[in-house]
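Hi everyone, thanks for making time for this. I'd like to walk you through one structure today, so let me put it on the screen.

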Amino acid sequence: MRHPVTRRTALGTIAALAGSAALPAGAETPLAVVATTGMIADAARVVGGPAAEVTALMGPGIDPHAYRQTRSDIARLTRADLVLWNGLFLEAQMEGFLLDLARKRPVVAVAETGVPAELLIGHDDYEARKDPHVWMDPALWVFVVRAVEAALAEARPDTALGFAGRSAAHVDELQTLSEYADDVLATVPEESRVLLSAHDAFNYFGRAHGYEVLGIQGISTESEAGLRRIEELVALLVQRRIGAVFVESSVSERNVRAVIEGAAAQGHEVRIGGELFSDAMGAPGSYEATYLGMIDHNVTTIARALGGRAPERGRLGKLAAGS
């Protein structure tokens with residue numbers, strides 16, 4: 001099910017001016033913003049522009065489910081003007097620290113507070129929790145971008161107009177990305193719309209685009225993949241003649257390899273369709289290190305691996321060769 005994205009084109013025009021404008025008088029020092037994940041840091045950089053200096057705690061290949069704050073992280077977090085985190089139990093090992101810090105500093109769980117509760121998917125492992133991987137659907141990520149905008153504006157009201165302009169322009173880009181995803185993923189034959197990966201990070205993707213999503217582990221990478229689960233998935237791959245599965249940049253591929261080997265033992269060849277960005281983005285400085293590039297990479301890789309049609313270098317021709 002798709003969720004409509006409201007355009008704010010008048011503010012988008014302002015963004016072209018605000019993005020390169022100097023900080024207003026009295027605001028010469030940018031906000032010191034610390035974000036837990038790369039996806040949230042990217043939103044803060046885009047919306048914050050010159051008024052925000054953003055640090056991400058978790059870089060490429062880092063698993064946020066298992067990440068624990070270091071001494072240097074604690075120093076950054078306690079000195080920050082604003083701390084942004086996902087919430088929804090994504091940063092499970094940091095949650096207690098962040099909730100405690102919120103009593104003393106501006107700390108905002110942008111997904112937990114930004115995305116309407118009725119649009120969240122239940123958590124497989126914890127009855128009272130919700131699936132935290134909302135960034136897998138650009139239409140849902142819009143709510144997070146707007147929550148980031150609101151948090152920045154509250155921290156620095158004198159630059160709120162610039163935040164609003166850049167946020168509106170970014171929302172338009174997310175809408176375009178969402179439309180691209182719809183178009184290329186619809187070219188995959190219906191019987192092949194099965195996405196099997198290391199853990200259940202893609203449920204919002206599956207709901208948005210009509211794909212069956214299968215994770216070897218649960219929503220959290222901390223959950224264990226049992227032998228019975230692997231055997232069930234091997235049987236499914238063989239029975240339905242699924243030819244491609246996916247590894248993830250921030251999760252060990254050991255279990256995916258076990259499924260492939262199990263299928264081979266039953267005479268069915270399964271290949272790795274590509275590496276997907278699930279809980280972390282690409283290498284610093286690359287297109288894939290942006291939210292737009294991360295999702296472009298995933299959508300393009302999935303569509304091409306499962307028999308659909310998508311440009312080899314993605315929506316804008318910016319994907320790394322062989323991605």
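Let's start with the largest pocket, where helix α2 provides the largest share of the lining, 3 residues. Before I go on, please keep in mind that this is a predicted model. How many residues line the largest pocket? There are 13, and those lying nearest its centre are Gly38, Arg45, Met281, Gly282 and Ala289. By residue class, the lining of this pocket splits into 7 nonpolar, 4 polar and 2 charged. For those of you already thinking about volumes, the largest pocket holds about 190 Å³ of space.

Now, staying with α2, let's look at its packing. As a reminder, two packed helices are described by the angle between their axes and the distance between the axes. Helix α2 covers residues 38-48 and helix α7 covers residues 160-185; their axes come within 7 Å and cross at roughly 120 degrees. Angles of 65 to 115 degrees would count as roughly perpendicular and those over 145 as roughly antiparallel, so α2 and α7 are oblique to each other. On the α2 side, the contact is made by Val46, Val47 and Gly48, while α7 brings Gly162, Phe163, Arg166, Ser167 and His170. Sorted by class, the residues of this contact are 3 nonpolar, 4 polar and 1 charged.

Next, let's follow α7 to another partner. The axes of α7 and α11 come within 10 Å and cross at roughly 5 degrees. That angle makes α7 roughly parallel to α11. Which residues meet here? From α7 we have His170, Glu173, Leu174, Leu177, Tyr180, Ala181, Val184 and Leu185, and from α11 we have Tyr291, Leu292, Ile295, Asp296, Val299, Thr300, Ile302 and Ala303. The residues of the contact of α7 with α11 come out as 12 nonpolar, 2 polar and 2 charged. You may recall His170 from the contact of α2 with α7; His170 is also among the α7 residues that meet α11.

Helix α11 also takes us to the cavity. A search of the whole structure turns up 1 cavity of 30 Å³ or more, and the largest cavity has a volume of about 30 Å³. Which helix gives the most to its lining? That is α11, residues 291-305, with 4 residues. The full lining consists of Met136, Phe202, Phe205, Ile295, Asn298, Val299 and Ile302. Ile295, Val299 and Ile302 were also on the α11 side of the contact with α7. By class, the cavity lining has 6 nonpolar residues, 1 polar and no charged.

Last stop, the sheet. This is an open sheet of 4 strands in the order β2-β1-β3-β4, with parallel pairing. At the edges sit β2 (52-56) and β4 (107-109), each pairing on one side only. On average, neighbouring strands in this sheet are turned by 20 degrees against each other, direction ignored. If you zoom in on β1, residues 31-35, you'll see that it pairs with β2 in the parallel sense over 5 bridges. Where is the bridge partner of Leu31? It is Ala52, in β2.

That's my tour, and I'm happy to take questions.

Note on methods: Residues are numbered from 1 along each chain as its sequence is written. This is a predicted model: local features need pLDDT of at least 70, side-chain atom pairs count only at pLDDT 80 or more; totals for chains, interfaces and linings use all residues. Side-chain values use heavy atoms; hydrogens and water are left out. Axes are lines fitted to C-alpha atoms, for helices over the stretch in contact, and angles run from 0 to 180 degrees between N-to-C directions. Helices (H or I, at least four residues) and strands (E, at least two) are DSSP runs, numbered from the N terminus. Angles under 35 degrees count as roughly parallel, over 145 as roughly antiparallel, 65 to 115 as roughly perpendicular and the rest as oblique. Contact means heavy atoms within 4.5 Å. Ala, Val, Leu, Ile, Met, Phe, Trp, Tyr, Cys and Pro count as nonpolar, Asp, Glu, Lys and Arg as charged, and the others, Gly among them, as polar. On a 1 Å grid over the protein atoms alone, a cavity is a set of points where a 1.4 Å probe fits but cannot get out, and a pocket is an open set with protein on both sides within 12 Å along at least five of seven lines; lining residues have an atom within 4 Å of a point. Grid points are joined across faces, edges and corners, and a volume is the space filled by probe spheres set on the points. Two strands pair if DSSP finds at least two bridges between them.
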